[in-house]
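User: I would like to learn how to read contacts, burial and strand pairing in a model such as this one. Please take one feature at a time.

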Amino acid sequence: MTLACENLTLARADAEVLHGISATLSTGQITAICGPNGAGKSSLLMALAGLLAPGSGSVTLGGSALGALHPQKRAQQVGYLPQSGEVAWDLSVGNLVALGRLPFRDRGERQIEAALEATHMTELADRPVSTLSGGERARALLARVFAGDPDWVLADEPFAALDLYHQFEVLASLRVAASLGRGVVLVLHDLAMAMNHADRVLVLKEGRLIADGPPEEALATGVIAEVWGVSARWLGEPGARALVTG
Ligand SMILES: Nc1ncnc2c1ncn2[C@@H]1O[C@H](COP(=O)(O)OP(=O)(O)OP(=O)(O)O)[C@@H](O)[C@H]1O
């Protein structure tokens, strides 16, 4: 089911932060959204999750306006992981992850178990969330999204708090989700992560879509110079690139 925005503009606190973004995202792929601080990445992700309403233009899921979908139906289809990993109540990890089943109103034990496994949280299922490290909490929150088994997984900087091992474990489970036909959309600051692991990259600058395509094109050094103002070059082979500056 296609997730798309067409000529999307979005205002926050009366200032327009997205200016006419159009992109049709495909399931079965990992799409990265990259750009400098304040470029509008999180705003675009929230609009694609149906959490911020377009000022003009549209966001559609399977051709229907996302805003017109019943919130419960939308939550079944689009899972969203916000940038900040706050948890309002001191739940156990297991109960936090079980909240991912709320849109379905079932116990979803199989999905919860799979989500805990995919994020390596099974052994911590009984721990209060307040006692977790930042990275463990980030994995618990991602497990909650996985527990809903949504068609779309939208995650804002999902690797920011994770050590190298868990970055690649979580990445592997996102890749599995994509290969099973889910759509995966990630806001990423780590351009090498996007270059090596995304199928498609959207590059935003000041609320405008500057590049959209395979990572080798969308993150070409000319784009990096234009968007980030940094002179950089890629080393290594496709799929195993490192970015060096200067
Ligand atoms: N809650 C808010 N109220 C008002 N303005 C906001 C709000 N959140 C974001 N903005 C503004 O919207 C613009 C885009 O912000 P957004 O968080 O989408 O950018 P970003 O690319 O995700 O940035 P970062 O890399 O710093 O997380 C910025 O100018 C920001 O100041």
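Analyst: Two residues are in contact if their C-beta atoms, placed from the backbone, lie within 7 Å. Leaving aside neighbours within four places in sequence, His-19 is in contact with Thr-9, Gly-207 and Arg-208. This is a predicted model: local features need pLDDT of at least 70, side-chain atom pairs count only at pLDDT 80 or more, and totals for chains, interfaces and linings use all residues. Residues are numbered from 1 along each chain as its sequence is written.

User: Where does His-19 sit, and is it buried or exposed?

Analyst: Helices (H or I, at least four residues) and strands (E, at least two) are DSSP runs, numbered from the N terminus. His-19 belongs to strand E2, residues 15-25. For burial, count the other C-beta atoms within 10 Å of a residue's own: 20 or more means buried, 12 or fewer exposed, and anything in between partly exposed, with C-beta atoms placed from the backbone. His-19 counts as partly exposed because it has 17 C-beta neighbours inside 10 Å. As for separation, the C-alpha atoms of His-19 and Leu-209 are 8.3 Å apart, while the two residues are 190 apart in sequence.

User: How many bridges join E1 and E2, and in which sense do they pair?

Analyst: Two strands pair if DSSP finds at least two bridges between them. Strand E1 (residues 3-12) pairs with E2 over seven bridges, in the antiparallel sense. Leu-10 has Leu-18 in E2 as its bridge partner, and Ala-11 stands opposite Glu-16 in E2. The two strands form a hairpin with two residues between them. Ala-13 lies in that loop and has a positive phi of about 50 degrees although it is not a glycine. Ala-13 counts as exposed because it has 5 C-beta neighbours inside 10 Å.

User: In what order do the strands of the sheet with E2 run?

Analyst: The order is E2-E1-E4-E5, an open sheet of four strands with antiparallel pairing. E2 and strand E5 (64-65) are at the edges with a single partner strand each, so one side of each has no neighbour in the sheet.

User: Which residues surround the ligand?

Analyst: Here a residue is near the molecule if its C-beta atom, placed from the backbone, lies within 6 Å of it. The residues around the ligand are Arg-12, Ala-13, Val-17, Gly-35, Asn-37, Gly-38, Ala-39, Gly-40, Lys-41, Ser-42 and Ser-43. For classes, Ala, Val, Leu, Ile, Met, Phe, Trp, Tyr, Cys and Pro count as nonpolar, Asp, Glu, Lys and Arg as charged, and the others, Gly among them, as polar. On that basis the shell has three nonpolar, six polar and two charged residues. Helix H1 (residues 41-48) gives the largest share of the shell, three residues.

User: How many residues of H1 are buried?

Analyst: Six of the eight are, so H1 is largely enclosed by the rest of the structure. The buried residues are Lys-41, Ser-43, Leu-44, Leu-45, Ala-47 and Leu-48. Just after H1, Gly-50 takes a positive phi of about 80 degrees.

User: What span should helix H5 have, and what span does it have?

Analyst: The expected span of a helix is 1.5 Å times one less than its number of residues. H5 (residues 134-147) has 14 residues and should span 20 Å; its end C-alpha atoms are 20 Å apart, which agrees. Eleven of the 14 residues are buried, so H5 is largely enclosed by the rest of the structure. Among the buried ones are Glu-136, Arg-139, Leu-142 and Phe-146. The elements that cover them include strand E6 (78-81), helix H3 (93-98), helix H4 (109-118), strand E7 (152-156) and helix H6 (164-179). Asp-149, which follows H5, has a positive phi near 50 degrees.

User: What radius of gyration does the chain have?

Analyst: This radius is taken over C-alpha atoms, and the globule rule is 2.2 Å times the number of residues to the power 0.38. For 246 residues a compact globule would have a value near 18 Å, and the chain has 18 Å, which agrees. Buried residues make up 41% of the chain's 246 residues. Of the contacts between residues at least 6 apart in sequence, 66% join residues at least 24 apart. The secondary structure comes to nine helices and twelve strands.
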